[in-house]
Structure formats: C-alpha cells, structure tokens
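Colleague: Got a minute to go through this one with me? I keep running into labels and I'd like to know what backs them up.

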Amino acid sequence: MKNYKPKTCLRCGKHETSALNDFDEFDVCKSCRSSEQKMRIDWSSRFDKLKDIFEHFKKKKTSSYDCIIPISGGKDSTYQVYLLTKVFNLKPLAVTFSHNWFSKIGRENLKNISDRLNVDVLEYTPNRKLVNDLATKSLKLIGDSCWHCHTGVDTFPLHIATKFNIPLLIYGEGVAEQSGKATYLDNPEYSIDYFLKYSSIYKAEDIIDNNIKKKDLNFFVSPPAKEINSKGITRIHLADFMYWDAEKQTEFVKQKLGWKEDIVEGTYKRYKSVECIMPGVHDYLKYLKRGFGRGTDFTNIDVRDGLMTLEE
C-alpha cells in the first residue's frame, strides 16, 4: 500500500476516498454528475415552489416568526439571512448552535448579521468541559473532533422549532450541491436522520461514557418524532430551490454586508470555516483518513465550476 495511488475523477480530480463518493463507468465522480444535473434543472419553477412554501407557512402563523434559520456567522448563513429578510420579506428567528470554538472574526461576522439585517439571534453554547469531552470522544468514533458540531446544528434548531411553534426551518446548501454524497436526481430526503446519515454518524446515546452523562446531552438529542410530526416541522435547503453560486454569494456579502474573510489554515480560500479556530485540526485529521485536505476539495470545486483547469 506504500506506493498506492488513489483513483481520482477524470473531470475534477476528486479522490475515491471522499466520503460516500463513487464513480460511474466513465470514471466521473458523483459531484460532477450532480453538477451536470444542476445545469439542466428548471430553477425558475423551483423558485416558484419555494415562494409557495413560504406563503403556506406565513398563512399558518403559529408564531410571530415566519421561520427559523440556523446560522453560524459564515458566508452562507449571512447570505441566507439576507435572502429571507430582504428578498422574501420574512421575519426569521436566527438560531445559533455555538461550537464554543468561535474565532474573533467569526464573532464579528455573527454580530454583523444581527446588526445589518435586524434579525433576532438565539444562541446555545455548550460548556467548555463538555465540548472537550465530546471532541475527545468524537476523535475515536468518527476521526474528527466535530461530532458536537455535526449534531448540534441539527438538533438544537429542532428544539427551538418545537418549543416556540415555528414549523419551518431553512438551511442553505444540501448534500447535492458540492459534497458528492448525493446528486440532485437522488432527491435525498430531508428526514429526521438526515444529519445522522451524512455527517454525525453516531447518535447521542452512543456518546455516553464515564465523562459524558445523558443529562449533559439534552440539546444533542432530537425532540421526540411524535412531537416533530404533530407540529408539522419542515426543513428545507435553499440550494434545492435556487441556483447556488457560493463564490458569487461570498463576494456579495463581503461587498454589501461587510462580511469579513481571514486566513484559514490549510487552504487558499479565505472564507470556509473562518468562524472557527479548529479547521486546521479537522483538515489534518481528514488528510490522515483520506489522503487529502481542504485545499484539494477547493481545487476540485473550482475545476467543476470552471474557475481553473484540472492541470492547474
């Protein structure tokens, strides 16, 4: 295995070791197939469907808020809040699961969302010891330190949705956009186990040990399915209904909303995970597991988007 060279996508160079990735008979990866599908989708009709969804939930009016939007302060969530407040004229409640690893720039960007776009923000921050214990357990189970992030961004907004009767939750990118874990034509169901299947892998009860007690994990366990269903909780991805262009959107939030970039360890892009102090740890572990890091991820994306050639 010492001289083994991993198989890569013929078009974008994506590695076969990418999570849930596969290749077709032409040695083209799932991300490239999804990218081809994206070019042929009738985005106009999908956009109309999105507006219908918003109108439906506005009429239900179970709360003074029209929807919940989970935000991190990153470029995507900043753009999402702009769309909801300025384009669709909704009143969202922004909900932040804090990983307790915020960078200085991340804190500034998070406050900037509230200040610039006049949105209320409700935040939950797990205590330092719990985060340390969860990160240590996460390393052993999934090979990175971020189980509490993968899980918290899923479960905490669901708790707020059920407790405050706000049935519509709006996220940004879905797994069909760039991850290679599914394509647009796969139509991955946004079910209760969506995050469990695609990112967190383990349930909260699997995390419990001598240091981590059941009572520590209240917000890491989803509300009962019966309660979620009875309140009609619905989760959608904006990128399933409108053409998603992360580069263009990043330039927009920088120029129009004062969103800030910074140096991010391990990559030439200055925006991904800028709100966190731990991407270097995450990506080094990814390199050990999969043989490549975030810089390679971005070159694959840039090739698919036509921003560089495979040779470059």
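Colleague: How much space lies in the largest cavity?

Modeller: About 40 Å³. Keep in mind that this is a predicted model.

Colleague: What makes that count as a cavity of 30 Å³ or more, and how many are there?

Modeller: A cavity is a set of points where a 1.4 Å probe fits but cannot get out. With its volume of about 40 Å³, the largest cavity passes the 30 Å³ mark, and the count by that rule is one.

Colleague: Which residues line the largest cavity?

Modeller: Phe-57, Lys-60, Lys-61, Thr-62, Ser-63, Tyr-65, Asp-66 and Pro-167. By class, the lining has three nonpolar, two polar and three charged residues.

Colleague: Why is the contact between Tyr-79 and Trp-244 called edge-to-face?

Modeller: Planes over 60 degrees apart get that name, and the planes of Tyr-79 and Trp-244 are at 75 degrees. Their centres are 6.0 Å apart, and the limit for a pair is within 6.5 Å, so Tyr-79 and Trp-244 count as an edge-to-face aromatic pair.

Colleague: What parts of the chain does that pair tie together?

Modeller: Tyr-79 sits in helix 3 (residues 75-87), while Trp-244 is in the loop between strand 5 (234-237) and helix 9 (246-257), so the pair links parts 165 residues apart in sequence.

Colleague: Are Tyr-79 and Trp-244 buried or exposed?

Modeller: Buried means under 20% relative accessible area. Tyr-79 has 14%, so it counts as buried, and Trp-244 has 1%, so that residue counts as buried too.

Colleague: How many aromatic pairs does a search of the whole structure find?

Modeller: It finds 17. There is also an aromatic cluster made of Phe-97, Tyr-124, Trp-147, Phe-156, Phe-219 and Phe-220.

Colleague: Why does Val-221 count as partly exposed?

Modeller: The label covers values between the 20% and 50% cut-offs. Val-221 has 37% relative accessibility, so partly exposed is the right call. Val-221 lies in the loop between helix 7 (194-200) and helix 8 (225-230), and its C-alpha is 9.3 Å from that of Asp-154, 67 residues away along the chain.

Colleague: How do you know that strand 2 and strand 3 pair?

Modeller: Pairing takes at least two bridges, and strand 2 (residues 92-97) and strand 3 (residues 120-124) have five, in the parallel sense. Between them the chain passes through helix 4 (residues 104-117), and this β-α-β crossover is right-handed.

Technical notes:
Residues are numbered from 1 along each chain as its sequence is written. This is a predicted model: local features need pLDDT of at least 70, side-chain atom pairs count only at pLDDT 80 or more; totals for chains, interfaces and linings use all residues. Side-chain values use heavy atoms; hydrogens and water are left out. On a 1 Å grid over the protein atoms alone, a cavity is a set of points where a 1.4 Å probe fits but cannot get out, and a pocket is an open set with protein on both sides within 12 Å along at least five of seven lines; lining residues have an atom within 4 Å of a point. Grid points are joined across faces, edges and corners, and a volume is the space filled by probe spheres set on the points. Ala, Val, Leu, Ile, Met, Phe, Trp, Tyr, Cys and Pro count as nonpolar, Asp, Glu, Lys and Arg as charged, and the others, Gly among them, as polar. Helices (H or I, at least four residues) and strands (E, at least two) are DSSP runs, numbered from the N terminus. A crossover is right-handed if, with the strands pointing away from the viewer, the path from the first strand over the helix to the second runs clockwise. Rings of Phe, Tyr and Trp (its six-membered ring) pair if their centres lie within 6.5 Å; planes under 30 degrees apart count as stacked, over 60 as edge-to-face and the rest as tilted. Buried means under 20% relative accessible area, exposed over 50%, partly exposed in between (1.4 Å probe, protein chains only).
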